[in-house]
Amino acid sequence: MYLATVLPGLESVLVDEVQTKISEATIQETARGKVFFASPAPWGQLLALRTADNLFHVLGSFRVGPHRADLADVRATVAALNPVAGPDLASRQAPAADTAVPRRERRPVTFFVNASRTGRHTYSRFELAEAATRGVLDRHPSWRVGEPTVHDVELRLDVTGDVAIFSRRLTPASFRFRGRERYFTPAALRPPVAHALVWLSRPAPDDRFVDPFCGSGTILAERLPYPGRDVLGGDPAPDVLRAARSNLFPPPEQGLGRSIACTAMPPADTDGNAPGRLGPGALPPGCIPTPRLTLLRWDARRLPLRDGVVDKVVTNLPFGRQVLGPDKIDAVYRGFVAELRRVLAPPGEALLLTDQVDALLDAAAPLRPEPLFTLSLKGLHPQIIRLRQG
Ligand SMILES: C[S@@+](CC[C@H](N)C(=O)[O-])C[C@H]1O[C@@H](n2cnc3c(N)ncnc32)[C@H](O)[C@@H]1O
């Protein structure tokens, strides 16, 4: 069984992604910030789950008592579990047994146990982690405890009430940052949250997709791997646009250069000043609909787009504290919603993230706003709100 962690509030989006992308997946359970599922799929397939923050292989689940004295049982039970059972991370293919530890270097295997605890217990999560650490050392006396961020094997013990789940982390820290250097502006979204918004828009090969407040381009970056016709983003801040450009048009040596061979649109100016125009166009027969990416400097209240040419708008609106003063929010939201109504082609839709919910609901009343999810994000509780055209 696998455990995928996710930002609280997005569990059902991840469930949908698991069921869509992972062969024969069965959801076992969901809890706050966690989705448990089983699948016979090769482990590498799981890396396609982009709403997940991290993936773990569940090594065992067992009962645990509430008292400090019960930690002896935790230690004994953990000692009976193989901490490297499950996928062989080196091969990303078949499950392997005790050999999924570095063989290339002749040094002791290092490991680290994190623990969490919910419920009434007389021990702390640190004592829980210590008990599990001792259990691992009982089983593997030659292993050494590593640093919190530097180790070969990362283990996790989650206790909720009287149930403990012991798991091994499969994904590196870079997984949720997409494994490469990126510029994140202060208000940037975490890529898995940006992906959840994109997933909710149900990416389709003929989509004309726009992020009108694109910032450093996190949402655009999550949309690009899916088939589509056009992906456009814009922002008025030149420094922010520079960050987006560097994130989305990385130098060729990073091997992430984008193909623009299959485009249905005439080339548009992407220097950040000249307006681009979406027009009607058909994909040539047999052309893979790799989305064509355009970044422009713009104000979302005056989009340089013709009426009714956009299918999906997905964005993270400016939040009061981070980007715009609260006095400006109403004006920007109203101006943007007016543009949205103009450029969205029926039955187009918009998925918007904001913590200025009242301002958006007021501005968007004619589009029958539908609040979908409330997230817990950096101490705020923004909502994902859907607007439909037509
Ligand atoms: C919450 S941030 C978007 C962050 C982005 N999703 C990311 O991950 O980097 C909002 C962005 O809206 C931009 N913005 C503010 N007023 C705007 C306007 N009138 N039109 C378009 N963008 C605007 C800001 O410059 C900021 O980059």
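**Exercise 1.** Of the 23 residues around the ligand, which come nearest?

*Solution.* Keep in mind that this is a predicted model. Start with the shell of 23 residues, then look for those that come nearest to the ligand: Phe 213, Gly 215, Ser 216, Thr 218 and Ala 300. Next, sort the shell by character: 15 of its residues are nonpolar, five are polar and three are charged.

**Exercise 2.** Find Val 231 and decide: is this residue buried or exposed?

*Solution.* First, locate Val 231 in strand β10, which covers residues 230–235. Second, count the other C-beta atoms within 10 Å of its own: there are 28. A residue needs 20 or more to count as buried, so Val 231 is buried. Third, list its contacts, leaving aside neighbours within four places in sequence: Phe 209, Leu 220, Arg 223, Leu 224, Pro 291 and Leu 293.

**Exercise 3.** Work out the order of the seven strands in the open sheet, and say which strands stand at the edges.

*Solution.* Step across the sheet and you meet β11-β10-β9-β12-β13-β15-β14, with mixed pairing. β11 (292–297) and β14 (370–374) each have a single partner strand, so they stand at the edges, with one side lacking a neighbour in the sheet. From one strand to the next, the twist averages 15°.

Now zoom in on β14: four bridges join this strand to β15 (residues 383–388), and the two run antiparallel. Within that pairing, Pro 371 has Ile 385 as its bridge partner in β15.

**Exercise 4.** Which strands does helix α6 touch?

*Solution.* Find helix α6 at residues 238–248, packing on the sheet. The strands touched by α6 are β10 and β11, and its direction makes about 165° with that of β11.

Key
Residues numbered from 1 in each chain as written. Predicted model: local features only at pLDDT ≥ 70, side-chain atom pairs only at ≥ 80, totals over all residues. Buried ≥ 20, exposed ≤ 12 C-beta atoms within 10 Å, placed from the backbone. Contact = placed C-beta atoms within 7 Å. Near = placed C-beta within 6 Å. Nonpolar A, V, L, I, M, F, W, Y, C, P; charged D, E, K, R; others polar. Pairing = 2+ DSSP bridges. Axes fitted to C-alpha atoms, helices over the stretch in contact; angles between N-to-C directions.
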